[in-house]
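Here is a short briefing on one protein model. Have the structure open and follow along by residue number.

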Amino acid sequence: MTVARTVRLNKLRLIIFAAMLAVAGLLAATTQAASAHTSGPRAFAWGGGAKPVIVLEHGAWADASSWNGVIARLQADGFTVYAPPNPLRGLPQDSAYLHDFLTQNAALAGKPVILVGHSYGGAVITNAAVGDSKVKALVFVDAFIPDKGESLARLLGAFPGSCLGGPPADTFNIVPFPSTPQDVDTYILPGLVPGCFASGLPARQAALIAATQRPLAASTLGEPSGTAALTFMANRAKARITHVNAGHLSMIADPGVVTRVIIKAARATS
């Protein structure tokens, strides 16, 4: 399997908390066969073989609409795209949900797949791709890439400091959900969204993201990853890196660059 890995860094400052690896500002894509370009025309000629389906997995406190700009560009280039919802109920549950979407979906039968994850979605695709031979490449956008047995908390421990790393009461609205009394939902406090989670986006757009965020189950942080579809994190995976002047939500801030990274990964598998 060709593996494209994406991670990001902005001014050497890490924005990290819970199930989000917001290594903000650097979009990295890696494949043994090709590197991404950050400029140039958006026209891509397919080089042969079956054109893969692109499946996009969003991260914590987000929904599939965060991929809208990328989806429009991929569709304009002739790709079939799916952006299924990430339940955000925990790493095993979310990975199982995506795995079933990939393996039980008749629309994907016999078709190659490029699987893309943003932030916490990177941990989900790492687990969900295991055992599915249709998945030909993985692309990580500001994302976790855990190895077997690693929790998000362990990965986060390697990066001190975070705009979301303060006391929980000062960072999140915490809301219990009756079906799972031992767990709680977390919502980022609206005042923290513009300069942190949605850094670099216009204030009005950040306010919309704050109002429509989906909660992450707090227990997700401590859950160990299962067998990984690849190795640990982008540097350990010998990633090639494409620098982007954008915040954590790069697929919103600069969807053209993210799209080109995805297509480069797809072309490397043809």
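This is a predicted model. Trp61 is a good place to start: it is buried, with a relative accessible area of 1%. The points below move from ring pairs to helix 1, then to some buried residues and backbone angles.

**Trp61 and its ring partners**

- Trp61 is found in the loop between strand 4 and helix 1.
- The model holds 3 aromatic pairs.
- In one of them, the ring centres of Trp61 and Phe197 are 6.3 Å apart and the planes meet at 85°, so the pair is edge-to-face. The cut-off for edge-to-face is over 60 degrees.
- This pair links distant parts of the chain. Trp61 sits in the loop between strand 4 (53–57) and helix 1 (68–76), while Phe197 belongs to helix 6 (residues 193–197). The two residues are 136 residues apart.
- Phe197 is buried, with a relative accessible area of 3%.
- Ring pairs join Trp61, Phe172 and Phe197 into a cluster.
- Trp61 also has a positive phi of about 60°, although it is not a glycine.

**Tyr82 with Phe101**

- The rings of Tyr82 and Phe101 have centres 5.9 Å apart and planes at 70°, so this pair is edge-to-face.
- Tyr82 lies in strand 5 (residues 81–82) and Phe101 in helix 2 (residues 91–104). They are 19 residues apart, and the pair links distant parts of the chain.
- Tyr82 is partly exposed, at a relative accessible area of 27%. That value falls between the cut-offs of 20% for buried and 50% for exposed.

**A charge over a ring**

- The charged end of Lys51 sits over the ring of Phe79. The distance to the ring centre is 4.5 Å.

**Helix 1 and its cover**

- Val70, Ile71 and Leu74 are the buried residues of helix 1.
- Viewed down the helix axis, these buried residues fall within an arc of 100°, so they line one face of helix 1.
- What covers them includes strand 4, strand 5, helix 8 (250–253) and helix 9 (255–268).
- Thr259 is placed in helix 9. Thr259 is buried, with a relative accessible area of 1%.
- Apart from neighbours within four places in sequence, Thr259 is in contact with Val70, Arg73 and Leu74.
- Gly78 follows helix 1 and has a positive phi, near 90°.

**Ala123 in helix 3**

- Ala123 lies in helix 3 (residues 120–128).
- Its relative accessibility is 0%, so Ala123 counts as buried.
- Outside its neighbours within four places in sequence, Ala123 is in contact with Leu91, Ser95, Phe144, Pro146 and Leu152.
- Ala123 and Phe144 are 21 residues apart in sequence. In space they are 5.1 Å apart, C-alpha to C-alpha.

**Leu88, a buried loop residue**

- Leu88 is placed in the loop between strand 5 and helix 2.
- Leu88 is buried, with a relative accessible area of 0%.
- The phi of Leu88 is near 60°, a positive value in a residue other than glycine.

Definitions and conventions. Residues are numbered from 1 along each chain as its sequence is written. This is a predicted model: local features need pLDDT of at least 70, side-chain atom pairs count only at pLDDT 80 or more; totals for chains, interfaces and linings use all residues. Side-chain values use heavy atoms; hydrogens and water are left out. Rings of Phe, Tyr and Trp (its six-membered ring) pair if their centres lie within 6.5 Å; planes under 30 degrees apart count as stacked, over 60 as edge-to-face and the rest as tilted. Helices (H or I, at least four residues) and strands (E, at least two) are DSSP runs, numbered from the N terminus. Buried means under 20% relative accessible area, exposed over 50%, partly exposed in between (1.4 Å probe, protein chains only). A charge sits over a ring if NZ of Lys or CZ of Arg is within 6 Å of the ring centre and within 35 degrees of the ring normal. The arc is that of the directions from the helix axis to the C-beta atoms. Contact means heavy atoms within 4.5 Å.
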